[in-house]
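Please open the model in your viewer and keep the sequence panel beside it. The stops below are meant to be selected in order.

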Amino acid sequence: MTLRAALERFAALDTVLVATDYDGVVAPIVADPAAAFPLPGTVPALTSLAALPGVTVALVSGRDRATLGRLSGAAAPLVTVGSHGAEWEEGLEGVLSPALIDLRASVLADLTAIAERFPGAAVEPKPLGAALHVRNVVDPSAGPLALEQARRGPAALPGVHATDGKAVLELTVLDASKGRALTVLRERTGADGVLYLGDDVTDEKAFAVLTGPEDVSVKVGDGATAARFRVDAPADARAVFEELLALRRA
């Protein structure tokens, strides 16, 4: 089956969930994560989809929810889920105990110390932990070494959960995944089918839960994947959303 045929079947369902990663799908990957803004036209297409009867649209990102909202400009009726599914409109999925707050502080301090040893590396604090970014290290060959130090150091602490991405390692003190987020969203919406687009290693957990006959999983970019379909770039992802919008309106 082609992606076009899958979208036609999906568009005909009564109730659907359209979900997507942010970086690498809605927004192109850029050197400065703070400057990752949406590709023109993508958020309007998603907003138009969300306004249609029987359609829920969600951005599911590893970014904290506040940053996701600020960068994307997403507003109701779009749903935003941050921190790999741990942050919802109603708050964090779990409550951080004093011990977990201390553990998060240790993770942040350890990752910061590692980043200081590798010029160009950066640490992004998050509500449940922190992420070490090595995309911009001055010596590209040093990036894997920085990530390995993080894996052997703070990632090995009891109670810390590690998630690998493209040139990034995220450490959290509560376990969460985009796959679990999609499962929760499906249950909340009663969707007959789920469409999800993602570009990163973390999106594979989302693809893994899309096992229904009407579910559509789309990998954006290269790399091994469990997704059923693949497109090349964020511009192609935008085209998928626009095509689905046209089909749903027809």
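**Two domains and what joins them**

Begin by colouring the chain by its domain assignment, which gives domain 1 (3-94 + 176-249) and domain 2 (98-172); such bounds come from an automatic or database domain assignment. This is a predicted model, in which local features need pLDDT of at least 70 and side-chain atom pairs count only at pLDDT 80 or more, while totals for chains, interfaces and linings use all residues. Residues are numbered from 1 along each chain as its sequence is written, and side-chain values use heavy atoms, with hydrogens and water left out.

The C-alpha centres of the two domains lie 26 Å apart. Select the interface next: 15 residues of domain 1 are in contact (heavy atoms within 4.5 Å) with eleven residues of domain 2. About 1200 Å² is buried between domain 1 and domain 2, 54% of it from carbon and sulfur atoms, where buried area is the accessible area (1.4 Å probe) that two parts lose on being put together, summed over both. On the side of domain 1, Ala 31, His 84 and Asp 200 lose the most area to domain 2, together 26% of what that side buries.

**Asp 200 and Lys 166**

Now centre on Asp 200, in the loop between β10 (193-198) and α7 (204-208); helices (H or I, at least four residues) and strands (E, at least two) are DSSP runs, numbered from the N terminus. Which side chain of opposite charge is nearest to Asp 200? It is Lys 166, 5.4 Å away, and Asp 200, though buried, has no salt bridge. Here buried means under 20% relative accessible area, exposed over 50% and partly exposed in between (1.4 Å probe, protein chains only), and a salt bridge is a side-chain nitrogen of Lys or Arg within 4 Å of a carboxyl oxygen of Asp or Glu. The backbone nitrogen of Lys 166, however, lies 3.0 Å from a polar atom of the Asp 200 side chain. Lys 166 does form a salt bridge with Asp 199, with the closest N and O atoms 3.6 Å apart.

**Two further salt bridges**

Select Glu 243 and Arg 4, whose side chains meet in a salt bridge at 2.5 Å, N to O. Glu 243 belongs to helix α8 (residues 234-249) and Arg 4 to helix α1 (residues 3-11), 239 residues apart.

Finish at Lys 126 and Glu 170, joined by a salt bridge of 2.9 Å, N to O. Lys 126 lies in strand β6 (residues 122-126) and Glu 170 in strand β9 (residues 168-172), so the pair ties together parts 44 residues apart in sequence. Lys 126 is buried at 6% relative accessibility, and Glu 170 is buried at 5%.

Notes
Lys, Arg positive; Asp, Glu negative; His and termini not counted. Polar contact = N/O pair within 3.5 Å; in protein donor to acceptor, adjacent residues only side chain to side chain.
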